[in-house]
Amino acid sequence: MTTPSASVEIYCLKCRAKTASQDIEAVTMKNGRPATRAVCVECGTKKFRIGVLP
């Protein structure tokens, strides 16, 4: 499930701040917990957050 136009702020470890995200994707981890994977708009780093974003 990719949401191309949604702008969600997830903490970026490289920028050290909450930044906008693109290519947001809901994934399931090995243990069955939901997670969110995205790409930072500013630096292009992959971001990961445990839990589904609203």
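This tour moves through the predicted model selection by selection, from the whole chain to its hairpins, core and cysteines.

The structure is a predicted model, in which local features need pLDDT of at least 70 and side-chain atom pairs count only at pLDDT 80 or more, while totals for chains, interfaces and linings use all residues. Residues are numbered from 1 along each chain as its sequence is written, and side-chain values use heavy atoms, with hydrogens and water left out.

**The whole chain**

Select the protein chain in a cartoon view. The chain has zero helices and five strands, in the order β-β-β-β-β from the N terminus. Helices (H or I, at least four residues) and strands (E, at least two) are DSSP runs, numbered from the N terminus.

Next, display the surface. The chain exposes about 4000 Å², of which carbon and sulfur atoms supply 52%. Accessible areas come from the Shrake-Rupley method with a 1.4 Å probe, and for residues only the protein chains shown count as cover. Of the 54 residues, 26% are buried. Here buried means under 20% relative accessible area, exposed over 50%, and partly exposed in between (1.4 Å probe, protein chains only). Among contacts (heavy atoms within 4.5 Å) between residues at least 6 apart in sequence, 23% join residues at least 24 apart.

**The S2–S3 hairpin**

Select residues 9-12 and 17-28, which are strands S2 and S3. These strands run antiparallel and are joined by four bridges; two strands pair if DSSP finds at least two bridges between them. To see one position in the pairing, pick Ile10, which stands opposite Thr19 in S3.

The two strands form a hairpin with four residues between them. Select Arg16 in the loop between S2 and S3. Arg16 has a positive phi of about 60° although it is not a glycine. Because its relative accessible area is 67%, Arg16 is exposed.

Then move along S3 to Asp23. Asp23 also has a positive phi, near 50°, in a residue other than glycine. At 45% relative accessibility, Asp23 counts as partly exposed.

**The S4–S5 hairpin**

Select residues 34-40 and 46-50, strands S4 and S5. Their pairing is antiparallel and extends over five bridges. Val39 has Lys46 of S5 as its bridge partner. A hairpin results, with five residues between the strands, and Gly44 in the turn has a positive phi of about 85°.

Thr45 lies in the loop between S4 and S5. Its relative accessibility is 25%, so Thr45 counts as partly exposed. Leaving out residues up to four places away in sequence, Thr45 touches Cys12, Lys14, Ala38, Val39 and Cys40. A distance drawn from the C-alpha atom of Thr45 to that of Cys15, 30 residues apart along the chain, gives 9.0 Å.

**Thr36 and Arg49**

Select Thr36 in S4. With a relative accessibility of 4%, Thr36 counts as buried. Beyond residues up to four places away in sequence, the residues touched by Thr36 include Ile24, Val27, Phe48 and Val52. The side chain of Thr36 also reaches the backbone oxygen of Gly51 at 3.0 Å.

Now add Arg49, found in S5. The C-alpha atoms of Arg49 and Thr36, 13 residues apart along the chain, are separated by 5.1 Å. Not counting residues up to four places away in sequence, Arg49 touches Glu9, Ile10, Ala35 and Thr36. Arg49 counts as partly exposed at 36% relative accessibility.

**The nonpolar core**

Select Val8, Ile10, Ile24, Ala38 and Leu53, the five residues of the largest nonpolar core. Such a core is a set of buried Ala, Val, Leu, Ile, Met, Phe, Trp, Tyr and Cys residues joined through side-chain atoms within 4.5 Å. Within this selection, centre on Leu53: neighbours within four places in sequence aside, Leu53 is in contact with Val8, Ile10 and Thr36.

**The cysteines**

Finally, show the cysteine side chains. The whole structure contains zero disulfides, a disulfide being a pair of cysteine sulfur atoms within 2.5 Å. The closest cysteine sulfur to that of Cys15 is in Cys43, 3.6 Å away and too far for a bond. Cys40 is likewise in no disulfide, and its nearest cysteine sulfur, that of Cys43, is 3.7 Å away. Cys15 is partly exposed, with a relative accessible area of 29%, whereas Cys40 is buried, with a relative accessible area of 1%.

Note on methods
Polar contact = N/O pair within 3.5 Å; in protein donor to acceptor, adjacent residues only side chain to side chain.
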